[in-house]
Every structure is written in structure tokens, then in C-alpha cells.
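Student: Please take a close look at one part of the structure shown here, the salt bridges, and place a few further local features beside them.

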Amino acid sequence: MTTTRLLQRQILPIDRDTDVFALYVDLEEAILDADRHDVGGNKAAKDLNNAAIRQSTSTGRKLHPEQILSRTALRVEPSDTLSFGTYFNAFPASYWRRHTVVTDVSLTVKVSGRGSMVIVHKSMAKGHSQRVDTATVEGDSGTFTFDLTLKPFVDGGWYWYDVVAGDDGCTVESAEWTAEVPEERADHGTADICITTMNRPDFCAKLLTQIGEDADLAPYLDTVMVMEQGTQPVTESAFFAGAEKVLGDRLKVIVQANLGGSGGYARGQLESVRKGTATYALMMDDDVVCEPEGVIRAVTFGDLAKRPTIVGGHMFNIYNRTQLHSFGEIVQPWRFWWQTRLDGYSQWDFGARNLRSSRWLHKRADVDFNGWFMCLIPRVVLEEIGLSLPIFIKWDDSEFGLRAKDAGFPTVSFPGAAVWHVPWSDKNDGVDWQSYFHHRNRIIAALLHSPYERGGRMVRESFNHQIKHLASLQYSTAELRHLAMEDVLAGPRALHGELATKLGDVNEFRKQFSDAQLHTDRDALPPVRRKKPPKKGKSDMDIPGRLSTLISAGLAPIRQLRPVREMSNDFPEAELTAMDSAWYNLVKYDSAVVSMNDGSSVALYKRDPARYRDLLKRTVAIHRRFHSEWPRLAAEYRDALREITSPESWEKTFGIAPGEEK
């Protein structure tokens, strides 16, 4: 026996925001000529091809907001052609083919407007598109159903439809993608939404209100949990009353100490597992704008997956709303570093280059993990493999994805499910207090999951980065990274105990370093002065070529041993913007004023040969130790993994007894 399930419906922007129209409806032609998909030859040829692939094909045409008649209905002007081959309205056939029980789908489109046409297309993994079927409105309106197979979508490909308006225009009333599925999969699951927040009360309260106001999403919600870890509670936001009104008793605010993202999400996961009434726990950041339909689609996809599957949403830039952060992320095993998959692109702007004209977007993107800005985790997966690692922030989501993959539970970054998030590009988390957590947690994740006996390139790359920070006068960063490695050596069972205190310890430790002391007023620091001007008036900001970079990398560590220029003790030798503060520029100076990435402050970097020698000595020693002890450490962390991620261990950290309500 089978039953019909709605997989996806045509949607339009809730607020008629013209900035996001390109994600819903497309007016541009699908130009593929510049997109070669793959180019051999030298690096220069590949760079030119990559530039061509990113080149805009947009004419700048946009819909008028008044053409959007409702959440699902759109008016098309006379003789215009509009395509629904877009991020939110194209059907990601290859994902359904690969991961679910669905084998065939039906597209039903309702159109009013005599003489108007509906044209159905499909693409293959290489981006080649084909017309599949066509229907024409003979009277005043028509409802057309197209039966479509998923058989040819093994490696990639999409379905979508275009609408060509007649002489009097037309209205696309609705479009739905449905499938016949086994009767036992007739009912949809529900999700506990788990939001960790800290001092973003208005942002969080607005998100809660948005979730609660969507009537279509309501049946898919079980509980909306907010893990409050800040000093500016969401409950004190002027917008919180609205959130309470629309969510009612489905809203639960849990106040706890600041245990970071991992501690907040682990609490949501724990509460979801203990409660046992929701099919899924959905991790979501507090600084996002949600597309509620994406939650429904993620739940539907999870319901129909062949096996329990983590379903992640994509992240768009909240300030450039058609720009996608990444279409799919992996952990590169030899380096053990997260990155966009090798055959993909990051920061892709759909407003400049549409889905239909971008060949690389038609190959299915298989991933290792999905960020917890939006990530749906089946409760059975949490029960089987445990909760988040107790590592405060960074690498909790990627480690969990790798752990789930090892246990046979895949992750899918699912097209059509997304949030708009504050971008990471304006953060300085590679050198500020977060550098401790970046480094420690990356090493821990590698110890747990690296397939190589000594972590592949992990230890060598750690050493290289440490030397880079030392040569760049970033002594606080180098010290924090060293501390991170010492704490890894302390073993996995120390992680829970220091979860609530480590951030304070890190921030207190950083205060002694001038490069960590931020000044909002540039005039609080001395003016730039130098004894000698640049040689022959050349700019110090030249971007070096490959040979020059290699020479600089070889000489920079040696230069740090020389005495500092006397004048640099009292006056910075240069003032560098954040974009110019790469290591190959910083290594030239004995002191410099450096701007932070967010543009709000500056810091004074000063070279200290004695500190450099001490740190260099300790850097060599600890990396030698990691190289020799890696197998032992890996075994120790892997043996402890189930214990430290168990609900019981987390209950002790939260200070609650099994079954206790708090």
C-alpha cells in the first residue's frame, strides 16, 4: 500500500524582499558557454576558467513586488518568461534519488491565463539541460500534472519548470511536487528546535516569532527550546512577548551557565532525547533569519530517507542575501581541515550567476557534515552515537558529522532548506580568543577521526602555523595555541570539568599581550614613525609572487632573532588594515598598528626576540611530543568518546539528575 506525500511546493518570499527574488524566481537566460566545468593545463588556465565561471550573467532585471500575490502565487506579465529553476523552487532530484525511498515524482502546476505555457526541464550532473514536457492553457485556466522519474539522477541533476505568459499575462497559482510512498511513511515527523543564544535578545526573539507565526510550519514543531547562556536574556527583549504569544506552551527557555555552542546544543539534544516526543532535534543559531519552508522540507526529506539521515540547511549571507556560503562541506582527511568540497565554490552569488547556468551546482554535493546554524538530527542518531563533544565552540558540528558517518548515518546538505546568517568573514577568530578552541578542538577531532596513524599532515601543519603566528608578532595567538596542545595532552576526561571556566581562563591569560589589547580609538596608540623610509619609495603592501613568498617564509623566522630597531619600541613602524595584515607583510616590521576584521578596533603588535626564542623552543618540543605520542593519544580519546558524549556525562555537567526537570 502507498500514500501520497507532498515533497515540495512552489514558494515566494514571505516579505516580498527584492534582494532575494533570484532565489525564488529567475528572469535570466541560462548561459553555459563560459562555464567549462573542468579545465586541464596550468594554474593560470584554471584561474581564468574559475573567473569565467563566477562571471555574472545577470541583466539586473527583477520582478516587481506586486507580482507576488501570495506565498504560492505569482503574476507573470504578458509574453514574459519566468523560470522556477532556482534555489528554492527547482526540485533537487539527485538528492531524492540517492538518499530516499522515492523513485518517481509528480509535478502539478495550476496556471490561469489563456495561451500560457508550462515547460518542464531536467538537468544532468554535468549541467546539460533537456526539455521534458510542455503544456498549454487552452481556456482561462489549467491544472497540469507531469509524471517524472528519478531514475537518471544517479550523480546529479534537477527538475524545474518555466512559465511563458500569454498575450494577457498569467498567474501561476501553485505548483507541488508529490510522490507515492509506503503507507508506513504517511505521517510526517516533528522537530524540537534547539537554539543556543548569548546576548542577542532581539535577534533571537524575532527568530522565535518568525518560527511561531508560520501556520504551515506549526504541525511540524514539537518544542522550541532556547538555551539562554547570556547576561542579556531573550526574555527581556521587547519582541519576546510576541514570540510567547505565537508559540505558547511549545516555547521553553532554559537558563544555564555559558557552556558555549557545544554546551547549549548538547542541552537541547539531551532535552529532546529525554522527552522522546519529537522525531528530530533541529540545531539552529540565534542570529539567523529562517525560511520556514526549509524546515518542513528537511523534515519531509528525513521522513523519507532510506536510513536515519542528518539533514542540513545551507547558509546565505544575511547582508548579501543571494550569496551562498558553501554548497557542501567536507573535512579534508590528510590536512584534517574543513573546506568547501574540492569541485565546488564558496561565497556563490545566485543573484549574479543563476542555478541553471552553473554546471558545478548540478553535480550532487556529498558532504561530511553540516554546520549547526541549521541542522536536523534524527533522535535515533543521538540515542545511538551520543550528544555533542564538550568542547565549547568550533568543530562540534563537524566532529558530530564524522562520528555519525562512521556509524552509518549520512549527512545531506539539502538544497531548498536554508537560513540567512551573519557571515563569518568579518570575524577575527583565527587569531583572537577563539584560536585556542579552533586549535584544541581540531586536534581532538583529528585524534578521534583521522584515518592516518599520526594524523596525516596535522602535526606538521600545526607547527607551520605556529611559526607563522610567531613571525607575525601574534604572540597571544601562539601562546593560546600552545596552551591548546597542552590541554589536549591532559586527556579527554578533563573536557567536561573545564567547560564552564576555560573561556574566562583564556581571556584572562590574553590580557598580558599587546596584540590582544584592543583599542576602539586609534589615537590611544602612538603615531607611526620610522627611522628609514621604504627602500626607493616602494610600497610595503605589494603582494609577493610565489618565489618571493617562499623566500620570505624561509627568512622570516631568522629575522625574528635580530635586535629590534630602537625607535620601534616607542612608535609603530606601520599601520595595517585588516586586509593587509597577512603574515608576509607583518614579518617586515618590528611594530605595527593592526586593524581588526570587524573594523571596530586596532591592536599594537610589537616584536619581542626573547619571547620569540622561548616560544619557538616550546613549539618544537610540543610538536615532537605530539608526533611521537599521537597513536597513544588517539586510542585514549577514541576509548573515551562514548562516555564523554553520553547523556549521563552531560547531565552531570548541567547539574541535573536523570529524569529531573529544570
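Tutor: The account below begins with the basis of the values and then goes from the salt bridges to other local features.

The model is predicted, so to speak of local features a pLDDT of at least 70 is needed, and side-chain atom pairs count only at pLDDT 80 or more, whereas totals for chains, interfaces and linings use all residues. Residues are numbered from 1 along each chain as its sequence is written, and side-chain values use heavy atoms, with hydrogens and water left out.

A salt bridge is counted where a side-chain nitrogen of Lys or Arg lies within 4 Å of a carboxyl oxygen of Asp or Glu. By this rule the model has 41 salt bridges. Helices (H or I, at least four residues) and strands (E, at least two) are DSSP runs, numbered from the N terminus. For burial, a residue is buried under 20% relative accessible area, exposed over 50% and partly exposed in between, with a 1.4 Å probe and protein chains only.

One of these pairs is aspartate 192 with lysine 275, whose closest N and O atoms are 2.8 Å apart. The pair links distant parts of the chain, since aspartate 192 belongs to strand 10 (residues 191–197) and lysine 275 to helix 5 (residues 260–275), with their positions 83 residues apart. Aspartate 192 is buried at 0% relative accessibility, whereas lysine 275 is partly exposed at 32%.

A second pair is aspartate 286 with arginine 200, where the closest N and O atoms are 3.0 Å apart. Here, too, distant parts of the chain are linked: aspartate 286 is in the loop between strand 13 (280–285) and strand 14 (288–290), arginine 200 is in the loop between strand 10 and helix 3, and the two are 86 residues apart. Aspartate 286 is buried, with a relative accessible area of 3%, while arginine 200 is partly exposed at 33%.

In a third pair, the side chains of glutamate 461 and arginine 442 meet at 2.8 Å, N to O. Glutamate 461 lies in helix 10 (residues 458–471) and arginine 442 in helix 9 (residues 434–449), 19 residues apart. Glutamate 461 is buried at 2% relative accessible area, and arginine 442 is likewise buried, at 4%. Elsewhere, salt bridges that share partners join Glu479, Asp608, Arg611, Asp614 and Arg618 into one network.

The loop between strand 21 (411–421) and helix 9 holds another acidic residue, aspartate 429. Aspartate 429 is buried, at 16% relative accessibility. Apart from neighbours within four places in sequence, aspartate 429 is in contact (heavy atoms within 4.5 Å) with Lys394, Gln434, Ser435 and His438. By contrast, the C-alpha atoms of aspartate 429 and leucine 355 are separated by 32 Å, and the two residues are 74 residues apart along the chain.

Helix 4 (residues 240–247) shows how burial is distributed over a helix. The buried residues of helix 4 are Phe240, Ala243 and Leu247. Viewed down the axis of helix 4, these buried residues fall within an arc of 55°, so they line one face of the helix; the arc is that of the directions from the helix axis to the C-beta atoms. The buried residues pack against helix 3 (201–213), strand 11 (221–228) and strand 12 (251–255). The face turned away from the buried side carries the exposed residues Ala241 and Lys245. Glycine 248, which follows helix 4, has a positive phi near 60°.

A positive phi also occurs in the hairpin of strand 17 and strand 18, which has four residues between the strands: phenylalanine 336 has a phi near 50°. Strand 17 (residues 329–332) and strand 18 (residues 337–340) run antiparallel and are joined by four bridges, and two strands pair if DSSP finds at least two bridges between them. Within this pairing, glutamate 329 stands opposite threonine 340 in strand 18.

Finally, Ile551, Leu555 and Ile558 make a nonpolar surface patch of about 300 Å². Patches consist of residues with over 30% relative accessible area and no salt bridge, with like charges joined within 9 Å and nonpolar side chains (Val, Leu, Ile, Met, Phe, Trp, Tyr) within 5 Å. Accessible areas come from the Shrake-Rupley method with a 1.4 Å probe, and for residues only the protein chains shown count as cover. Isoleucine 558 is in helix 13 (residues 546–559) and is exposed, at 55% relative accessible area.
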